[in-house]
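Hi,

Here is the structure I said I would pass on. Have a look at it first, and my notes follow below.

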Amino acid sequence: MKNEKKTGLKKRVGEILKVLRKTYPDAHCELDHSSPLELLVATILSAQCTDKRVNLVTPKLFAKYPKAIDYAEAELHELEEDIRSTGFFRNKAKNIQSACRAIVEKFQGRFPDTMEELVQLDGVGRKTANVILGTAFNKNEGVVVDTHVIRLSNLLELTQHKDPVKIEQDLMKLIPQEDWSLFSHLIVWHGRRRCSARKPDCLNCELAGLCPVPAQGKSVSRQRLKEKSDRELKKTEKNRI
Ligand code: SF4
C-alpha cells in the first residue's frame, strides 16, 4: 500500500495468508494426478488451457500411458491426437515425449526431484518445476508464479514487477519458506473464486481490508472493508485457539 514499509508489507502478507487459509482450508493443486509423472504431464497440458479441460483428457491418457517409457515410445501422431483438445497439442506432445525420453535415458527411469534436474526436461521451466516440487514432493524451493499469482500479487501490491522471475524473488522474501507452495494454491483459488480478472468481487472479498484496490475508493468504503477483514481475522484467531 502507499508508503508501506517492508515490515508493514510482511505483516500484511502474513494477514493475507491467515485469511486465505481460513477461507480455503482445502486449497490444493486442481490438476488431477496420482504421481509426479502424471502431474508433469498435466502441468504441460495446462499451458493455455483450463484445469477443467485437462482433467477431462487425463483419465484416459494416464490409463493409456502409465509410465514414462510409454510416452517415450508412443507414436507422436497418436499422442498428439490423444491430447488435441487441450490446444497447442503438437508442441505439448513433443515436450511430453522428449521429457519422458530424458527420464528414461538420462535418469534411468527415476523421476527427477530437484530443480536442477527438472529444468533439464523439455517443456519444464521454473514454474512447472515449482509445481512438481511443491505438490508432488512437498519441497518448497520456490513460489509458483502463474497468471493468477502475477495478477493478484500486483493488485495486492506485493510486487511492482510483471516479470515472473522478479515476482517470485519478491514473494520469496515476503513469505515464510514453508508456505511458498501453499501461497500459490491459495492465490490461485482466490483468483478463480473471488478475484477474477474480468470481475473482481471486491464487495464480498475476504481480503478487501488488506487489498489496496477497494481502498483506493471504488464501490465500498474503506472503513467497512477494514471492519470486515478484522472480523475475518478475529474468527481465524478464535478457531486457532
Ligand atoms: S479486494 Fe478486489 S481486487 Fe482486492 S483481492 Fe479482493 S477481489 Fe481482488
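Let me start with Phe88, which sits in the loop between helix 5 (76-83) and helix 6 (89-105). Phe88 is not a glycine, yet its phi is positive, at about 45 degrees. As for its surroundings, Phe88 has 15 other C-beta atoms within 10 Å, so it comes out as partly exposed. Keep in mind that this is a predicted model.

There is a second residue of this kind, Glu157. Its phi is near 60 degrees, again a positive value in a residue other than glycine. You'll find Glu157 in the loop between helix 9 (147-155) and helix 10 (164-174). Glu157 has 15 C-beta neighbours inside 10 Å and therefore counts as partly exposed.

Now for the overall picture. The chain has 13 helices and zero strands, so if you read the elements from the N terminus on, you get α all the way through. The chain has 241 residues, and 34% of them count as buried. If you take the contacts with a separation of 6 or more, 55% are between residues 24 or more positions apart.

Next, the ligand. Which residues are around it? Going along the chain, they are Leu155, Arg194, Cys195, Pro200, Asp201, Cys202, Cys205, Leu207, Ala208, Cys211, Val213 and Pro214. Sorted by class, that shell has 10 nonpolar residues and two charged ones, with no polar residue. The charged pair is Arg194 and Asp201.

Pro214 is one of the residues around the ligand, and I looked at it separately. It belongs to helix 12, which covers residues 212-215. Is Pro214 buried or exposed? It has 21 C-beta neighbours inside 10 Å, and the cut-off for buried is 20 or more, so Pro214 counts as buried. Cys202, also in the ligand shell, is 12 residues away from Pro214 in sequence, and their C-alpha atoms are 6.5 Å apart in space.

Last, a word on confidence. The average pLDDT of the chain is 91, and 89% of the residues score at least 70. The stretch to watch is residues 219-223, where pLDDT stays under 50. For those residues the model has seven contacts beyond four places in sequence.

That's what I have for now. Send me your thoughts once you've been through it.

Cheers

Technical notes: Residues are numbered from 1 along each chain as its sequence is written. This is a predicted model: local features need pLDDT of at least 70, side-chain atom pairs count only at pLDDT 80 or more; totals for chains, interfaces and linings use all residues. A residue is near a molecule or strand if its C-beta atom, placed from the backbone, lies within 6 Å of it. Helices (H or I, at least four residues) and strands (E, at least two) are DSSP runs, numbered from the N terminus. A residue is buried if 20 or more other C-beta atoms lie within 10 Å of its own, exposed if 12 or fewer, and partly exposed in between; C-beta atoms are placed from the backbone. pLDDT is the predictor's confidence in each residue, from 0 to 100. Two residues are in contact if their C-beta atoms, placed from the backbone, lie within 7 Å.
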